[in-house]
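Here is a colleague's note to read alongside the coordinates, set out as numbered points.

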Amino acid sequence: MTDTQHGAARTAAAFREVFGNAPAGVWAAPGRVNLIGEHTDYNDGFVMPLALPHTTIAAAAPRTDGVLRLHSGNVKGGIVELRTEGLRPAPDGGWAAYPAGVLWAMREAGLPVDGGADLHFDSVVPTGAGLSSSAALEVATALALNDLYELGLDGQELARLAQRAENAFVGVPCGIMDQTASTCCTEGHALLLDTRDLTRRQVPFDLAAAGLRLLVVDTRVQHELGDGAYAERRAGCERAARALGVRALRDVAYDDLAQTLESLADEAAVRPLVRHIVTENRRVEEVMARLDAGDPRGIGPLLTAGHASLRDDFTVSCAELDLVVEAANEAGALGARMTGGGFGGSAIVLVEEVAADDVGKAVTEAFAAAGYAAPRIFPAVPSAGARRLV
Ligand code: GAF
């Protein structure tokens, strides 16, 4: 039995214990890291995430009485019981707001899910680590309801509903990257997504074959997207787009950047935000070009440049993330950057496979010397997107 099969059996058994009957099915949805293209997804730009092997597993059964019962193996507090008709967006709804929000978004879209469901979740996606545990929980729910109610929605449609749940029900103004990564990534690939028209390209990303490894370094600094700083960056980008008379910052041409920044005389505060988004979209294109040219090592400096831009222009890094990048590069990494929303969470480090242990050790030592708690380090193996297990 594989780990995932074990996980499915365990989650199904837990469902039986909690709800007293067998689930109708078991589904898994992964967390992600983003290779490049950060904070571009709410600017109609480009992103390139890959799914992690870490998943949230949902065991579920349909109901007919309009009740939604939610239970998590990761959270104390027992069963959360709600009425599907009574669901209303409410701040501070706790973990249950994510799955409840998905059912709410489906009802809002006119989908026939009124009967409700019983859902039990088990997750190994680290929470608060910038690895999209929220999206994994939403997508596992969406996939389960899609099958239980035979809705026939595809991965992108489910991702949109999951994003709507997070935006309108949970109250986090995130973009579409994390939910799409969870539904649409495939094993051995990074996913190039144009967040304007949602066209996707699966980009082969076989690091092991190239003798490389991508490390995730979880700083264990808890990141919290709902705390306002993310919304502030998003509002700043939207203000800049309005001031420039473009639909979104994606429409600012890289070659016109200097002129564009100059034209923002009355909005000097948003200049660095514009510079980050425009140069970051360019870096996604350059990473793509290097990978297409069979030069995965060549993406290293682009990752590090992306980090500098997030640190200095977008100001969403923190001391611990900066230290990962600095220590890893000093120890011989090919490149490194924070990944995800920032303000804590995780960084990714591209290394030669033979140097991976030494680089990891150097980062851990640098953390100890700075008086930080030891980071958690593991390889990011490009894995499958959300799927039915049983
Ligand atoms: C978070 C958000 F949820 C994403 O939509 C994206 O904006 C990311 O931060 C930054 O690239 O993960």
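The points below go through the annotated regions, a four-stranded sheet with its helices, one helix in detail, a strand hairpin and a loop glycine.

1. The model is predicted, and the two region names that follow come from an unreviewed UniProt entry rather than from the coordinates. The record lists residues 14-62 as "domain: Galactokinase N-terminal", and over that stretch the chain is 12% helix and 53% strand, with end C-alpha atoms 17 Å apart. The record also gives residues 291-368 as "domain: GHMP kinase C-terminal"; over these residues the chain is 51% helix and 15% strand, and the end C-alpha atoms are 35 Å apart.

2. In what order do the strands of the open sheet stand? Four strands form it in the order β10-β11-β9-β12, and their pairing is antiparallel. Because β10 (335-339) and β12 stand at the edges with a single partner strand each, one side of each is left without a neighbour in the sheet. On average, neighbouring strands of this sheet are turned by 25 degrees against each other, when direction is ignored.

3. The pairing of β10 with β11 is antiparallel and extends over five bridges, and G335 has L350 in β11 as its bridge partner. Helix α10 packs on the sheet, where it touches β9, β10 and β11, and its direction makes about 165 degrees with that of β10. Helix α9 (residues 300-312) lies across β10 and β11 and runs at about 40 degrees to β10.

4. Helix α11 (residues 356-370) has 15 residues, which at 1.5 Å a residue should span 21 Å, and the distance of 21 Å between its end C-alpha atoms agrees with this. Which residues of α11 are buried? They are V359, G360, V363 and F367, and, seen down the helix axis, the buried residues fall within an arc of 100 degrees, so they line one face of α11. On the other side of the helix, D357, A368 and A369 are exposed.

5. The cover over the buried residues of α11 includes the strands β9 (212-218), β11 (346-352) and β12 (376-379), together with helix α10 (319-330). After α11 comes G371, which has a positive phi, near 80 degrees.

6. Strand β7 (residues 189-194) is largely enclosed by the rest of the structure, because five of its six residues are buried. Strand β2 (residues 46-47) pairs with β7 in the antiparallel sense over two bridges, and here F46 stands opposite D194. Strand β8 (residues 200-204) also runs antiparallel to β7, to which it is joined by five bridges, and the partner of H189 in β8 is P204. The hairpin of β7 and β8 has five residues between its strands, and in this hairpin L198 takes a positive phi near 65 degrees.

7. Is G228, in the loop between β9 and α6 (229-244), buried or exposed? A residue counts as exposed if 12 or fewer other C-beta atoms lie within 10 Å of its own; G228 has 9 such neighbours inside 10 Å and therefore counts as exposed. Between G228 and V278 there is a separation of 50 residues in sequence and of 23 Å in space, C-alpha to C-alpha.

Notes. Residues are numbered from 1 along each chain as its sequence is written. This is a predicted model: local features need pLDDT of at least 70, side-chain atom pairs count only at pLDDT 80 or more; totals for chains, interfaces and linings use all residues. UniProt positions are given in the numbering used here, feature names are shortened, and annotations may be inferred rather than shown by experiment. The expected span of a helix is 1.5 Å times one less than its number of residues. A residue is buried if 20 or more other C-beta atoms lie within 10 Å of its own, exposed if 12 or fewer, and partly exposed in between; C-beta atoms are placed from the backbone. The arc is that of the directions from the helix axis to the C-beta atoms. Two residues are in contact if their C-beta atoms, placed from the backbone, lie within 7 Å. Two strands pair if DSSP finds at least two bridges between them. Axes are lines fitted to C-alpha atoms, for helices over the stretch in contact, and angles run from 0 to 180 degrees between N-to-C directions.
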